[in-house]
Amino acid sequence: MSSRSPSSSERSTGRPEAGRVASHLAVMGAVAVVMGVLTACLAIPFAGLVGVAAKDVSAGMVDLPESLEAKDLSQKTRIYDVNGNLIASLYDQNRINVPLGSISRPMVKAIVAIEDYRFYDHGALDLKGTLRAFITNQANGGSVQGGSSITQQMVKQTLLYQAETDEERAAATEETYARKVRELRYAIAFEKNHTKDWILERYLNIAYFGDGAFGVQAAARHFFSKNAKDLNLLESATLAGLVKNPVGYDPVDNPERAESRRNVVLDRLAQLGVLTEKKAERLKGKPIGKTLKIENSPNGCQQSRAPFFCDYVVNWLLKDPVLGDTPKERRTTLKNGGLTINTTIDLDMQKAADDSVASHVYPTDQAIGGLAMVEPGTGDVRALAQSRPMGKDKAAGQTYLNYVVPKKYGDANGFQAGSTFKVFVLASAINQGIPLSTVINAPEEMNIPDEEFQNCDGPYAGDGEGWNVSNSTGSGPFNLYTGTQQSVNTFFAQLEVQTGMCEPLKLAADMGVKVPLAQKVPSWILGVSDSNPLEMAQAYATFAARGLHCDPRPVTEVRDSSGEVLKEFAAQCEQVMPGATADAVNDILRGVMEPGGFGQNIAIDKPSAGKTGTNQNNMSVWFAGYTPTIATAAMVAGANEFGEWVSLNGQVVGGSPIYEAFGSTVAGPIWGDAMSAISAKLAYEDFQAPPGDEIAGVLSTVPDVAGQGVEAATATLESAGFSVADGGQVNSEVAAGSVASTSPSGGTSLSSGDTVTLYTSTGYVPPPPSNDAGNGNGNGGRGNGNGNNGQGRGGGRR
């Protein structure tokens, strides 16, 4: 085969040899004389040459620009999960550019052999090939075919690729004399300014190989599930045969024609001595169908393994000017820039989220289920799932609205989050030094005058009618533990009077939850504002991270087509409350997951905390819960096929009828199933106990110190945050001098700093009085101190 490799001087300088440059210049000089006849014969039938003069051809060449700018080829963008697994591709053309050195030698030889076997020996115009094509054209009635060098073909593909209008696209493909002249002029310029290797590399990357595959790398992946550098001779012959007619020779749709074309390439390789005729015959005997291993390349988020997370990533990046000055430029970069986007999604967590949501809420239900998982301390978004799949078939429950993210990223308005908002008042109360043991009498219903609520500018100016608030979870005296765990509305309304509205609203904003101005009314703490699972998950992650709030982060890094870092996205975090305040919130909310709490039936095998949410008329229900390492918010909202609100009451959701919806019974199981599925991935980590010297009224469990020495028992109790008092001695079988009992007894909940009384043992128990002992009392000792002065954690159904 006469296709040579470029000289060492070409490789080192990237420019052609001086001799070949002279050859190009000679072609330029001769083309005005020769091409008036020769090229015209290729472009139109011989009879059409009458009246065409060589000087007209020369003038046409002079009027053209001297060179054609070869713009970067579009490449598909790939999106990866946190472990490097591909989750989606975005592209207008399925192409991955590769250097010539990353294309197998058999592929290079096959394409040169069948398309332009003298490619490395001639300039822009192969006179032998052109004359041969001319004779063939005339024998076949003057049709336009053949004769084009690889350089000329590359020019044609470049003109077609860079065409921006229908007129330019038509001009790039028209079968006219003018097109041939343009291609030749540009081909001469390319040969003058670039090496043969550069031209061949661009040709192999720009060529269309059929079935949506542009460039040899995409074609190798699509037809053989391998990279271009690994193509063998048989596979290379197949691909080389496709470029002439990618549709007609498609090996999937037209296997017989494709096999015949492949064999033509093998015969040509044998003629040129690249392989023996015996080997060519042996290879020709292999059915083309047995060599194929089709690998489809899904395009867009709908075909992604995580469609709504992918959609969120795309919309999130469209806001970033690093990809372009305008949204249109950014979208073009995303679909054509060959970017590598590394994201935060964990596919194990995504599967758990998808499975849980799908099992509890069906696509065609008059409800939408959604779930989001966020990592505390980083804001990394680990999973996003919703019950309605991505698509346009409304009858099947499909939608393009992303209900689990903020509106600016998903176009959905969201749903009211109910009592999940109460934590902002709770945290503000703790931060203001209100003791956790503070008791507020909460009646079944009450009216609180507007002026009792303070906003940032003074007393709240309402409509003068005050806030009529009522409970659905009981009434009576509650402290911050029990009032939160039972989600008592009138308790929180009065707590908001104590905290004021300003600080809780500011804290909510600092934690990523924005309340519209019109909804900054006393009842905002009942979650009257629209929200979404991602927003609530990142807010509750703040408590898990001990007061460190991090904005949701779906992307960690974007690289350009050459692999260079375009931008790194660092975690955006800020301490929005003292760690001790968050610890106290965690201590209260973990009671929701313990026996007697609303979430006791969905608790997992790791320390966890949570809060239910139910809005008026049961339009939506929520459960926001977390461990120290992951925060998850689950939502079920009544909505018809248009996304319009309906009540969940009376609906059949996930195959089960709902008579009255609660966060703990409808949204909670979605949270529980998803969290149970990923529990094995979560490190066992407990929440930090709130310090009693910083948080007033912290409830702690009294340690059981019976049988210990007084000194050791005192140390144990003090380390748990209690004061210790000496109650004196009692008769007991416990060893003398050791602790016989405490008051309150071990296991009782007390506020941090409360006093625990120690009773030491005499080591002696008097015998019981005899029947004739008279009316004496018989035991002048003290009792066992098992009284309970503490507050337990509350329960309920919400």
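1. Let's start with a helix pair. In this predicted model, helix α6 (residues 150-162) packs against helix α8 (residues 177-193) at an angle of about 110 degrees, and their axes are 8 Å apart. The two helices are therefore roughly perpendicular to each other, given that angles of 65 to 115 degrees count as such. On the α6 side the contact is made by Thr151, Gln152, Met154, Val155, Lys156 and Leu159. From α8 come Arg179, Glu183, Leu184, Tyr186, Ala187, Phe190 and Glu191. Sorted by class, this contact has 7 nonpolar, 2 polar and 4 charged residues. As you look along the two helices, it may help to recall that an α-helix has 3.6 residues a turn, so residues three or four places apart point the same way.

2. Now a step back to the whole chain. It has 26 helices and 29 strands. Of its 798 residues, 53% count as buried. The exposed surface comes to about 33,800 Å², with carbon and sulfur atoms supplying 48% of it. Taking contacts between residues at least 6 apart in sequence, 71% join residues at least 24 apart.

3. One sheet is worth tracing strand by strand. It is an open sheet of 5 strands in the order β2-β1-β5-β17-β18, with mixed pairing. Which strands stand at its edges? They are β2 (86-90) and β18 (565-568); each has a single partner strand, so one side of each is left without a neighbour in the sheet. On average, neighbouring strands here are turned by 15 degrees against each other, direction ignored. Within this sheet, β5 (residues 340-343) and β17 (residues 555-559) run antiparallel and are joined by 4 bridges. If you want a pair of residues to find on screen, threonine 340 stands opposite arginine 559 in β17.

4. Helix α24 (residues 579-589) deserves a look for its burial. How many of its 11 residues are buried? The count is 11 of the 11, so this helix is largely enclosed by the rest of the structure. The buried residues of α24 include Ala580, Ala582, Ala584, Val585, Ile588 and Leu589. Charged residues are found there too: Asp583 and Asp587 are buried.

5. Strand β20 (residues 609-614) is a similar case among the strands. With 6 of its 6 residues buried, it is largely enclosed by the rest of the structure. In a regular strand the side chains alternate between the two faces of the sheet. Both faces of β20 are covered: Ala609, Lys611 and Gly613 are buried on one side, and Gly610, Thr612 and Thr614 are buried on the other. Its partner β21 (residues 620-626) pairs with β20 in the antiparallel sense over 6 bridges. Lysine 611 has alanine 624 of β21 as its bridge partner.

6. The connection between these two strands is worth a check of the backbone. β20 and β21 form a hairpin with 5 residues between them, and asparagine 617 in the turn has a positive phi of about 65 degrees. Asparagine 618 also lies in the loop between β20 and β21. Its phi is near 55 degrees, a positive value in a residue other than glycine. Is asparagine 618 buried or exposed? Its relative accessible area is 10%, and the cut-off for burial is under 20%, so asparagine 618 counts as buried.

7. Strand β29 (residues 755-761) has two pairings to follow. Strand β26 (residues 723-730) pairs with β29 in the parallel sense over 6 bridges, and valine 730 stands opposite serine 761 in β29. Strand β27 (residues 739-743) pairs with β29 in the antiparallel sense over 4 bridges, where valine 739 has threonine 760 as its bridge partner. Of the 7 residues of β29, 6 are buried, so this strand is largely enclosed by the rest of the structure.

8. Two more backbone details to finish. A cis peptide bond, with omega of about 0 degrees, joins serine 743 and proline 744. Proline 744 is in the loop between β27 and β28 (749-751). Elsewhere, serine 487 has a positive phi of about 50 degrees although it is not a glycine. This serine 487 lies in the loop between α20 (480-485) and α21 (489-499), and it is buried, with a relative accessible area of 7%.

Definitions and conventions: Residues are numbered from 1 along each chain as its sequence is written. This is a predicted model: local features need pLDDT of at least 70, side-chain atom pairs count only at pLDDT 80 or more; totals for chains, interfaces and linings use all residues. Side-chain values use heavy atoms; hydrogens and water are left out. Two strands pair if DSSP finds at least two bridges between them. Axes are lines fitted to C-alpha atoms, for helices over the stretch in contact, and angles run from 0 to 180 degrees between N-to-C directions. Buried means under 20% relative accessible area, exposed over 50%, partly exposed in between (1.4 Å probe, protein chains only). Contact means heavy atoms within 4.5 Å. Accessible areas come from the Shrake-Rupley method with a 1.4 Å probe; for residues, only the protein chains shown count as cover. Angles under 35 degrees count as roughly parallel, over 145 as roughly antiparallel, 65 to 115 as roughly perpendicular and the rest as oblique. Ala, Val, Leu, Ile, Met, Phe, Trp, Tyr, Cys and Pro count as nonpolar, Asp, Glu, Lys and Arg as charged, and the others, Gly among them, as polar.
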